[in-house]
Amino acid sequence: MTTTEQHTEPAAWIGCLACYNNGTLRGKWITAQQAADEMTGDEITYAGQAFGTTSPTCRKCGGDEFDVFDTEHLPHKMTAAEFYRNAETLAALDDAGDLERINVLAEFLGMEKLDELITYDENNYVGQWNTFQDYAEHYADDTALLGDMPENLSYYFDWEKYARDLAYSYLYDDATGHTWHSA
């Protein structure tokens, strides 16, 4: 029996534009960690070749333009230079287990700047919940919403309606349970 290994690390397939325009896909998958390891000071490299200050060239056709043709586990499509600039941050987010959450947030907000997504997440993330109503009940407990209401009366509180109204001030992902306060 064969098992398939599931890769979840952020990666970009970077290829030669000239080869692509001539009908050939030529490039390779580069993980964020590989890209971060290839960085040398301010110089960005593509498989060890300078990228940006001096253009790398394709070993097959001599083309000097490269682009990202596909991505995995990134918050949005990035250019090759942007992928390399953000590689260290993406690898760190992946190592910390936070990249999936940032990707969900990017879908909600439509933001394309990784630093803005991280800042929003740091300032507004309230946790992961099975349902938004679970969060609403937790929030009510933390803020003593029902105060000194006798327990026999608190059973009449409509949690479903309360959660529905509270949800207008939050971003909640049904699939993952990630929850953010709307800024």
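This passage describes two sheets, the helices that pack with them and several aromatic contacts in a predicted model.

Residues are numbered from 1 along each chain as its sequence is written, and side-chain values use heavy atoms, with hydrogens and water left out. Local features need pLDDT of at least 70 and side-chain atom pairs count only at pLDDT 80 or more, whereas totals for chains, interfaces and linings use all residues.

Helices (H or I, at least four residues) and strands (E, at least two) are DSSP runs, numbered from the N terminus. Two strands pair if DSSP finds at least two bridges between them. One open sheet consists of 3 strands in the order β2-β1-β5, with antiparallel pairing. β2 (27-31) and β5 (66-72) are the edge strands, each with a single partner, so one side of each has no neighbour in the sheet. From one strand to the next, the twist averages 30 degrees. Axes are lines fitted to C-alpha atoms, for helices over the stretch in contact, and angles run from 0 to 180 degrees between N-to-C directions. Strand β1 (residues 11-16) is joined to β5 by 6 bridges, and the two run antiparallel. Cysteine 16 is placed opposite phenylalanine 66 in β5. Helix α3 lies across β1, β2 and β5, at about 145 degrees to β1.

A further open sheet of 3 strands has the order β6-β8-β7, and its pairing is antiparallel. Here β6 and β7 stand at the edges with a single partner strand each, so one side of each lacks a neighbour in the sheet. The twist averages 15 degrees from one strand to the next. Between β7 and β8, which run antiparallel, there are 3 bridges. Tyrosine 172 stands opposite threonine 179 in β8. Helix α6 (residues 132-142) packs on this sheet and touches β6, β7 and β8. The direction of α6 makes about 140 degrees with that of β7.

Burial was assigned from relative accessible area: buried is under 20%, exposed over 50%, and partly exposed in between (1.4 Å probe, protein chains only). In helix α5 (residues 114-124), the buried residues are Leu114, Leu117, Ile118, Tyr120, Asp121 and Asn124. Seen down the axis of α5, they fall within an arc of 165 degrees (taken from the directions from the helix axis to the C-beta atoms), so they line one face of the helix. Asp115, Glu122 and Asn123 are exposed on the other side of α5. The buried residues of α5 pack against α3 (80-96), α4 (99-109), β6 (125-128), β7 (170-172) and β8 (178-181). Glutamate 116, also in α5, is partly exposed at 39% relative accessibility.

Histidine 76 sits in the loop between β5 and α3. Histidine 76 is buried, with a relative accessible area of 9%. Beyond its neighbours within four places in sequence, histidine 76 is in contact (heavy atoms within 4.5 Å) with Glu82, Met111, Glu112 and Lys113.

Rings of Phe, Tyr and Trp (its six-membered ring) pair if their centres lie within 6.5 Å; planes under 30 degrees apart count as stacked, over 60 as edge-to-face and the rest as tilted. The count comes to 14 aromatic pairs. Phenylalanine 83 and tyrosine 84 form an edge-to-face pair, 6.0 Å centre to centre with 85 degrees between the planes. Phenylalanine 83 is buried at 0% relative accessibility, and tyrosine 84 is buried at 1%. Trp129, Phe132, Tyr135, Tyr139, Tyr170 and Tyr172 form one aromatic cluster.
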